Amino acid sequence: MAAITQRSFLNLTALKSFTAETRTRYERRKLGANSSVKCSQTLEGSAQSVTVSNGKDSLVICRVLNGMWQTSGGWGRIDRDDAVDSMLRYADAGLSTFDMADHYGPAEDLYGIFINRVRRERPPELLESIRGLTKWVPPPVKMTSSYVRESINISRKRMDVSSLDMLQFHWWDYSNSGYLDALKHLTDLKEEGKIKTVALTNFDTERLQIILENDIPVVSNQVQHSIVDMRPQQKMAELCKLTGVKLITYGTVMGGLLSEKFLDTNLTIPFAGPPLNTPSLQKYKRMVDAWGGWSLFQVLLQTLKRVASKHGVSIPTVAVKYILDQPAVAGSMIGVRLGLSEHLQDTNAIFSLALDEEDVNSIEEVSKKGKNLLKIIGDCGDEYRRA
């Protein structure tokens with residue numbers, strides 16, 4: 001089935017503003033970026049891009065997504081212009097899929113500014129490759145058609161698009177079956193052209209099956225998934241295999257814990273190691289504690305370092321590639337600290353890395369020494385619903 005493409009929305013003014021000089025500057029940048037992954041220019045089914053689909057709905061996304069949770073505060077001050085410039089650099093390098101949410105601070109607004117810069121300053125083919133995935137996380141109130149429509153219209157306005165590429169839906173309380181009403185209204189909006197694809201975030205296997213049985217054409221479920229947190233492979237992946245629903249993963253590098261920075265460190269001694277000074281580091285340190293503790297985590301980091309050194313890449317590169325190779329996984333999120341730091345080089349390496357049997361076995365040997373998080377925490381997303 002052919003992939004649904006992003007509408008260009010180029011008006012006459014935008015076309016006129018795209019001068020020959022601007023095009024020349026863009027082409028020079030493109031020619032100079034020899035290491036760019038060019039995810040957007042690869043064929044469907046390639047290592048760099050993937051199609052998520054359900055029935056007649058489909059969307060091509062980059063397998064490495066730019067996660068924008070970091071714009072919500074807690075990672076350092078975000079300068080608007082610097083952030084948008086950084087988004088343009090990611091897009092120019094071929095990393096053209098951005099993931100955000102209605103509650104990620106200014107994320108949707110930044111995307112709106114960014115997509116207008118693309119319309120004015122880049123060629124139409126780059127605009128066609130851009131994907132903006134957002135999430136809607138409503139309170140568990142009555143899900144009427146008008147309430148859902150008004151909420152989605154806010155995101156459309158903030159992102160300055162007539163149709164959302166993907167709307168990923170979250171629900172807090174399963175005892176309230178209003179999530180089915182919300183998803184049916186979202187499906188209606190999709191049929192109207194306001195949304196291209198409907199998806200989920202942090203739903204468990206049982207509810208995913210109920211949703212599919214109610215003929216809601218979800219294409220993906222975004223869940224936490226890393227070498228430490230392998231819960232999605234225990235139940236969710238099997239249902240995905242049967243239904244074709246894909247997984248988009250976050251927390252894959254655990255906020256930076258899965259990196260050289262935390263190798264050979266001892267966080268049990270105050271001030272002895274790098275500070276856990278971001279919300280993501282603090283969140284995923286709790287996951288390490290539940291899994292097996294810092295000592296076992298160091299064994300994992302040492303194992304990943306050996307694999308990384310063997311291939312001439314970094315620990316995060318190995319960590320992401322391992323998850324991308326898991327069944328049902330369409331793409332993995334890497335958080336972007338827009339205007340503060342970038343991960344373009346590591347991302348390029350992910351697509352060229354091939355883990356062999358020895359690599360996989362050594363990683364699994366350590367991973368399986370940890371506790372079964374499915375028994376401790378519950379299924380995907382249950383960490384957000386525990387009393």
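In the predicted model, Arg158 touches Asp102, Gly105, Pro106, Ala107, Glu108, Asp109 and Gly112, leaving aside residues up to four places away in sequence. Arg158 belongs to helix α6. Its C-alpha lies 8.4 Å from that of Leu110, although Arg158 and Leu110 are 48 residues apart in sequence.

Several of these contacts form part of the packing of two helices. Two packed helices are described by the angle between their axes and the distance between the axes. For helix α4 (residues 107-121) and helix α6 (residues 145-159), the angle is about 45 degrees and the axes are 6 Å apart. Angles from 65 to 115 degrees would count as roughly perpendicular and those under 35 degrees as roughly parallel; α4 and α6 are therefore oblique to each other. On the α4 side the contact is made by Ala107, Glu108, Asp109, Tyr111, Gly112 and Ile115, and on the α6 side by Ser155, Arg158 and Met159. By residue type, the contact of α4 with α6 comprises 4 nonpolar, 2 polar and 3 charged residues.

Aromatic side chains were examined next. A pair of aromatic rings is described by the distance of the centres and the angle of the planes. With ring centres required to lie within 6.5 Å, the count comes to 11 aromatic pairs. In one of them, formed by Tyr174 and Tyr179, the ring centres are 6.3 Å apart and the planes stand at 70 degrees, so the pair is edge-to-face. Tyr174 and Tyr179 are both buried. These two tyrosines also belong to a cluster linked by ring pairs, together with Trp136, Tyr147, Phe169, Trp171 and Phe203. Phe203 has a further partner in Arg385, whose charged end sits over the Phe203 ring at 5.9 Å from the ring centre.

Asn202, which precedes Phe203 in the numbering, lies in the loop between β7 (195-201) and α8 (205-213). Most residues other than glycine have a negative phi. Asn202, by contrast, has a positive phi, near 60 degrees. Its relative accessibility is 7%, so Asn202 counts as buried. A positive phi is also found at Met254, where the value is near 55 degrees. Met254 is located in the loop between β9 and α10 (279-291). Met254 counts as buried because its relative accessibility is 0%.

Helix α12 (residues 315-324) is mostly covered, with 10 of its 10 residues buried. These are Ile315, Pro316, Thr317, Val318, Ala319, Val320, Lys321, Tyr322, Ile323 and Leu324. The buried set thus includes a lysine, Lys321, and a threonine, Thr317. The cover over the buried residues of α12 includes three strands, β3 (64-67), β9 (246-250) and β10 (329-335). It also includes the helices α11 (294-311), α13 (344-352) and α14 (357-367). Strand β9 therefore appears twice in this account, as part of the cover of α12 and as one boundary of the loop that holds Met254.

For the protein as a whole, the model contains 15 helices and 10 strands. Of the 387 residues in the protein, 56% are buried. Among contacts between residues at least 6 apart in sequence, 78% join residues at least 24 apart.

Technical notes:
Residues are numbered from 1 along each chain as its sequence is written. This is a predicted model: local features need pLDDT of at least 70, side-chain atom pairs count only at pLDDT 80 or more; totals for chains, interfaces and linings use all residues. Side-chain values use heavy atoms; hydrogens and water are left out. Axes are lines fitted to C-alpha atoms, for helices over the stretch in contact, and angles run from 0 to 180 degrees between N-to-C directions. Helices (H or I, at least four residues) and strands (E, at least two) are DSSP runs, numbered from the N terminus. Angles under 35 degrees count as roughly parallel, over 145 as roughly antiparallel, 65 to 115 as roughly perpendicular and the rest as oblique. Contact means heavy atoms within 4.5 Å. Ala, Val, Leu, Ile, Met, Phe, Trp, Tyr, Cys and Pro count as nonpolar, Asp, Glu, Lys and Arg as charged, and the others, Gly among them, as polar. Rings of Phe, Tyr and Trp (its six-membered ring) pair if their centres lie within 6.5 Å; planes under 30 degrees apart count as stacked, over 60 as edge-to-face and the rest as tilted. Buried means under 20% relative accessible area, exposed over 50%, partly exposed in between (1.4 Å probe, protein chains only). A charge sits over a ring if NZ of Lys or CZ of Arg is within 6 Å of the ring centre and within 35 degrees of the ring normal.
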